[in-house]
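Me: Could you take one part of this protein and walk me through it slowly? I'm in my first year, so plain words would help.

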Amino acid sequence: MRVVIGGMNHESNTFNPIITGPEDFVVFRGEEMLTKGMLPYYSSTGIINTLSAAGCEIIPTVLARAVPNGVVSGPFYQSIKSELIERIKTAKAAGPIDGICLGLHGSMKVEGIGCAEGDLLTAIRELLPDIPLTVALDMHATITPEMLKTANAFVGYKTAPHIDCQQTGEHAARMLLASLETGRKLYTAYRRIPMLVAGEKSESEAEPMKSLIKDCRDMENRPGVEAASFLLGFPWADTEHNACCALVSGFDDPAAAEETARELAERFWKRRRDFSFRSEYYDSAESMKKAYEAVLEKREHPVFVSDSGDNPTAGAAGDATDILERIMETMDTVDRLPTQLLYSGFYDAPAAEACIKAGTGAMVDITVGGNWDTINGKKIPIKAQVKKIVRDFGPYHSDLVLISCRNMLMVLTSKHIGFGDDELLPALGVNAAEYCLVVVKLGYLEPCFRTIAQRAIMATSKGCSNEVLESIPYKLVRRPLYPLDPDMECSFT
Ligand SMILES: [Zn+2]
């Protein structure tokens with residue numbers, strides 16, 4: 001059997017003014033997908049492994065991924081789409097294609113187009129209208145009518161943080177193989193759940209997601225149900241279709257899928273008031289106050305503060321300064337801390353460049369922040385010493401700079417790469433465990449930080465990934481929508 005595979009993965013934050021372009025993406029083309037592109041945290045890896053084990057002839061097209069950020073450049077998206085379509089045309093000319101299996105995010109937005117997944121799937125369907133097409137999605141996918149119209153079956157991640165990407169790819173591939181082997185047609189039922197969930201309230205190890213995901217797994221044992229998923233939408237995208245949903249794919253019996261989707265949607269809706277933050281949380285000023293008290297009075301070490309409103313891995317700009325302003329106002333307290341305060345960090349290409357130009361050891365007068373997020377970010381003047389420079393770090397080739405300003409150590413990056421990477425601080429020779437107070441632009445702490453944090457405080461800081469959804473000035477999302485409309489009612493038929 002000849003099966004086309006491909007992937008496109010980006011979570012686009014429409015509040016972030018950065019346009020995500022070619023320099024932000026890693027792209028694997030053709031055969032590269034089967035070699036360099038086989039990374040453990042890609043759904044396409046599971047797709048490829050499963051199809052290979054079944055003896056399929058795999059037709060790789062394009063796999064494009066970037067760190068969450070602002071919407072994707074129109075010309076760049078068009079170039080990726082054309083390449084993918086051209087590769088399918090070439091394969092089609094060489095012989096019949098039996099199926100298609102894709103790994104997509106589901107919340108990628110493109111300038112001038114909107115939903116990238118709907119646009120791409122529509123173009124693929126024009127070329128290959130009748131063959132089975134299954135898709136592995138991120139849990140934060142936003143389902144649109146175009147997506148439902150074009151693909152036969154979907155399955156989303158069941159974990160957040162996402163540690164089942166590969167397994168989800170395997171699941172999508174298994175559904176495709178089952179359809180190809182039996183000739184049975186896959187069917188998908190969808191129920192919109194009119195609510196959004198802040199990212200940090202949806203960890204799958206915490207309630208209510210823990211029970212709700214178990215419900216999905218239980219439902220997958222029902223006859224006629226192949227995949228049951230909750231897809232949560234992406235709260236930091238102001239788009240018409242943004243909402244949670246229950247999505248159920250199965251064979252033969254649309255009624256079983258429809259009834260299962262309805263039941264799941266009902267269960268999710270009933271638990272809507274149970275979604276809550278797992279860690280203690282306060283506004284920015286209060287978070288820093290609590291952190292100073294914890295270090296200076298209770299001798300806790302290290303205390304972590306998440307600058308969650310400006311989390312680049314949730315697509316925020318990475319240069320909002322709500323917390324930095326609070327720190328600068330309290331530098332006398334910072335100076336009394338037993339170790340430097342470590343701040344990881346800021347995406348600030350001009351500041352990083354100025355430091356690199358000055359060189360290690362040099363004193364610099366720079367501004368940090370406020371290049372992109374000019375609503376929540378200001379250019380904060382900082383006099384600092386350049387402590388360390390690392391060029392060309394990681395798959396996105398970012399420069400890293402460590403600067404020291406009074407009793408604060410700060411990381412700057414030249415590219416929008418996020419600060420959850422467990423290799424970033426070690427690359428700069430920094431061991432976070434040695435610092436009494438660590439501020440990090442993240443939401444829930446990644447395992448590398450969670451395991452060392454004696455105390456974790458989440459600051460509901462201002463930025464493009466503001467966790468307080470009720471305070472976000474949405475214009476396009478369909479109302480009523482919980483929790484923006486807290487008293488709304490809803491029923492599922
Ligand atoms: Zn996600």
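**A close look at helix H11**

Reply: Let's begin where the helix stops: right after H11 comes Gly359, and its phi is positive, near 90°. Keep in mind that this is a predicted model, so what follows describes a prediction.

Now go back along the chain. H11 covers residues 349-358. Just at its start, have a look at Asp348: one of its side-chain oxygens comes to within 3.0 Å of the backbone nitrogen of Ala351. So you have Asp348 at the start of H11 and Gly359 following it.

What about the stretch between? Four residues of the helix are buried: Ala351, Ala352, Cys355 and Ile356. Looking down the axis of H11, you'd find these buried residues within an arc of 135°, which means they line one face of the helix. Turn to the other side of H11 and you meet Glu353 and Lys357, which are exposed. "Buried" here is a matter of a cut-off, under 20% relative accessible area, while exposed means over 50%.

Which strands does the buried face pack against? The buried residues of H11 pack against strand E15 (363-368), strand E16 (380-393), strand E17 (398-405) and strand E18 (408-413). Try clicking through those strands one at a time with Ala351, Ala352, Cys355 and Ile356 switched on.

Let's zoom out a bit. UniProt has an unreviewed entry that lists residues 305-475 as "domain: Microcystin LR degradation protein MlrC C-terminal". Over residues 305-475, the chain is 18% helix and 31% strand, and the C-alpha atoms at the two ends sit 31 Å apart.

Further along the chain there's strand E20, residues 455-459, and it is mostly covered, with four of its five residues buried. E20 pairs up with other strands, too. Strand E12 (residues 280-282) runs parallel to E20 and is joined to it by three bridges; in that pairing, Glu280 has Ile457 as its bridge partner. Strand E13 (residues 303-307) also runs parallel to E20, this time with five bridges, and Val303 stands opposite Arg455.

One last stop, away from the helix: the zinc ion. Asp138 (OD), His140 (ND1) and His162 (NE2) coordinate it, at 2.1 to 2.2 Å. Along the chain, these donors follow the spacing D-x1-H-x21-H. Are Asp138 and His140 buried or exposed? Asp138 has 6% relative accessibility, so it counts as buried, and His140 is buried as well, with a relative accessible area of 10%.

How values were computed: Residues are numbered from 1 along each chain as its sequence is written. This is a predicted model: local features need pLDDT of at least 70, side-chain atom pairs count only at pLDDT 80 or more; totals for chains, interfaces and linings use all residues. Side-chain values use heavy atoms; hydrogens and water are left out. Donors are N, O and S atoms within 2.8 Å of the metal (3.2 Å for Na, K and Ca); water is not among the atoms, so sites may look incomplete. Buried means under 20% relative accessible area, exposed over 50%, partly exposed in between (1.4 Å probe, protein chains only). The arc is that of the directions from the helix axis to the C-beta atoms. Contact means heavy atoms within 4.5 Å. A polar contact is a pair of N or O atoms within 3.5 Å; within protein, one must be able to donate a hydrogen and the other to accept it, and residues adjacent in sequence count only if both atoms are side-chain atoms. UniProt positions are given in the numbering used here, feature names are shortened, and annotations may be inferred rather than shown by experiment. Two strands pair if DSSP finds at least two bridges between them.
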